[in-house]
Amino acid sequence: MQTVTRETLLDKASALLASGEVSRVLGWKKGEFAYDVTPAVFESAEEMEKDFVYDIFSGANFSKYLIKETAKEGKVLVFLKPCDSYSFNQLLTEHRFDREKVYAIGIPCDGMMDASTVKALAPEGLVSAERDGDNLVIHTLYDGDKILPYADNLPDRCRHCKSKKVVAYDEMLGENGDVVDSHRFDEVAELEAMSEDARFAFWQNELSRCIRCNACRDVCPACTCEKCVFDNPKSGVENKAISDSYEEKMFHIIRAFHVAGRCTDCGECSRVCPQNIPLHLLNRKFIYDIDRNYGDYMAGAEEGSRAPLVNYKTEDPEAADVLERGDK
Amino acid sequence: MQVNESNIVANEEFRPKIVAFCCNWCSYAGADLAGNNRLAYPADIKIIRVPCSCRVNPMFILRAFQRGADGVILCGCHPGDCHYTSGNYYTRRRMAMLFSMLNYLGIEKERTRVEWVSAAEGAKFAATMQDFAEKVKALGPNKRLEDLRCKQ
């Protein structure tokens, strides 16, 4: 059960807006449908009363929005779920925004749904979905209500939740959790155990669906360069229409490599992908490799930590040894 | 008119295109030494001289594959001997991660390699290149990094 409700957040935000402590609130706003909740900036309690939502679709990570929001006048109120707080710390580590201009409220989270997951469960006539105790209730037009266990039907990023601990906040609502023993590398290990040909077939199938919408880049809290390599016409990978062989893979390798060692595994890339490409499997491969070869490292777990790819040890394993490990 | 591909293969021996990034201070000098000592290594190896192995952006490797390389090898000073103190330590982590990722996507791990060759190791340079070229040749042309669309 969500321990923090919409009303709690609304009261908190209204009080802070009224006292002048904050001038804007980063929150979730209802979209066209009940399941496409989108991030929004609210400037008054009235606006929030009208449009603010906090339900099982409030999964968007706000950390990246802070860069633009803190550049403006006044303080911003932001709600941070555990995974958002890791991104928050990582951005602070990289000096991407001014901590003084943010009022962060930590909220516990036990998994958020996303539109594509619910749509897959109820492909026709989906109206809305809500949580009732341990169950997910999906309201549909033609088949009535579908009741399924909530925890078992979560999207991948939440099913393999890495932490329930909010690592950065000014104020915590509800009870803070702990880092959990996730099985997030299981799928990566499965892929690694496959033959090269099988892996190639797997990725060819996944990546060939890519339409180069750049949503994964735009949403990623680690991708915050003002000028992105993919916007450079000379990069050879900027075109939406493919102009050259090998572009898709190039794009995805570069994207994953750019966030290697800085990715907090928040799973936003996979959530926003309109083609449902499991992009988190690329990011997790890097995290898994880094953990196994250079020691456990969780980006964003603490502010100011040094990312593994801008660091070294004299006794690091050779590339050949790292490769042996990833193959059968 | 249809070209019979099997004839082409039968008539022409496959020669791999291999790009070798060599650091200016050790490996390039090692290649030089190999040449001075008249040690042969395959002509399929195209050397690109870089100031330090750390100069090699992962993009260079990807670009080499994109432009038709069948294998890419990166050579630098032995760890601890970097002309710029620590460049090759960063390279080691970076390339280990990149090559591991390429392998994860299904690209044969024999197509990529990192090798440390000092300026005194002309023989090692020639032997490494010989071995690498043979392995890449055995794998055949690199088709794996081609366009993913419109193929089954």
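Here is a chat about how the labels on this predicted two-chain model are earned.

Reply: Residues count from 1 along each chain as its sequence is written, and chains are lettered from A and ligands numbered from 1 in the order in which they are written. The model is predicted, so local features need pLDDT of at least 70 and side-chain atom pairs count only at pLDDT 80 or more, while totals for chains, interfaces and linings use all residues.

Me: Let's start small: why does Leu191(A) count as buried or exposed?

Reply: The rule goes by other C-beta atoms, placed from the backbone, within 10 Å of a residue's own: 20 or more means buried, 12 or fewer exposed, and anything in between partly exposed. Leu191(A) has 20 C-beta neighbours inside 10 Å, so it counts as buried. You'll find Leu191(A) in helix α7 (residues 186-193) of chain A.

Me: And what makes His95(A) buried or exposed?

Reply: His95(A) has 8 C-beta neighbours inside 10 Å, so it counts as exposed. His95(A) sits in the loop between α4 (82-93) and β4 (102-106) of chain A. Its phi is near 55°, a positive value in a residue other than glycine.

Me: How do you know whether Thr85(B) is buried or exposed?

Reply: Thr85(B) is exposed because 9 other C-beta atoms lie within 10 Å. Thr85(B) belongs to the loop between β3 (71-76) and α4 of chain B, and its phi, near 75°, is again a positive value in a residue other than glycine.

Me: What does Leu191(A) touch, leaving out residues up to four places away in sequence?

Reply: Contact here means two C-beta atoms, placed from the backbone, within 7 Å. By that rule Leu191(A) touches Arg199(A), Phe202(A), Leu281(A) and Tyr104(B).

Me: What makes something a nonpolar core?

Reply: You need buried Ala, Val, Leu, Ile, Met, Phe, Trp, Tyr and Cys residues joined through C-beta atoms within 7 Å. The largest such set here has 127 residues, and Val78(A), Leu80(A), Ile18(B) and Met101(B) are among those with the most contacts inside it. Helix α4 (residues 87-104) of chain B gives the most to this core, eight residues. In soluble globular proteins, nonpolar side chains tend to be buried together.

Me: Which residues is Val78(A) in contact with, leaving aside neighbours within four places in sequence?

Reply: Val78(A) is in contact with Leu26(A), Phe62(A), Leu66(A), Val102(A) and Ala104(A).

Me: How do you know what counts as a helix or a strand in chain B?

Reply: Both are DSSP runs, numbered from the N terminus: H or I over at least four residues makes a helix, E over at least two a strand. Chain B comes out with five helices and four strands, in the order α-β-α-β-α-β-α-β-α from the N terminus on.

Me: What makes strands of chain B a sheet, and is the pairing parallel or antiparallel?

Reply: Two strands pair if DSSP finds at least two bridges between them. Strand β1 (residues 18-23) of chain B has six bridges to β2(B), and the two run parallel. Ile18(B), for instance, stands opposite Ile45(B) in β2(B). Altogether, four strands form an open sheet in the order β2-β1-β3-β4, with parallel pairing.

Me: Why are β2 (45-50) and β4 (112-116) of chain B called edge strands?

Reply: Each of β2(B) and β4(B) pairs on one side only.

Me: Is the sheet β5-β6-β7 in chain A parallel or antiparallel?

Reply: Antiparallel: those three strands form an open sheet. Five bridges join β6 (residues 135-140) of chain A to β7(A), and Val137(A) has Ile147(A) as its bridge partner. Its edge strands are β5 (126-132) and β7 (145-149) of chain A.

Me: How do you know where the two domains of chain A begin and end?

Reply: Domain bounds come from an automatic or database domain assignment. That gives domain 1 (6-114 + 155-325) and domain 2 (115-154). Their C-alpha centres lie 25 Å apart, and 13 residues of domain 1 are in contact with twelve of domain 2.

Me: How many residues of each chain are in contact with the other chain?

Reply: 32 residues of chain B are in contact with 39 residues of chain A. On the chain B side, α4(B) brings the largest share, 14 residues.
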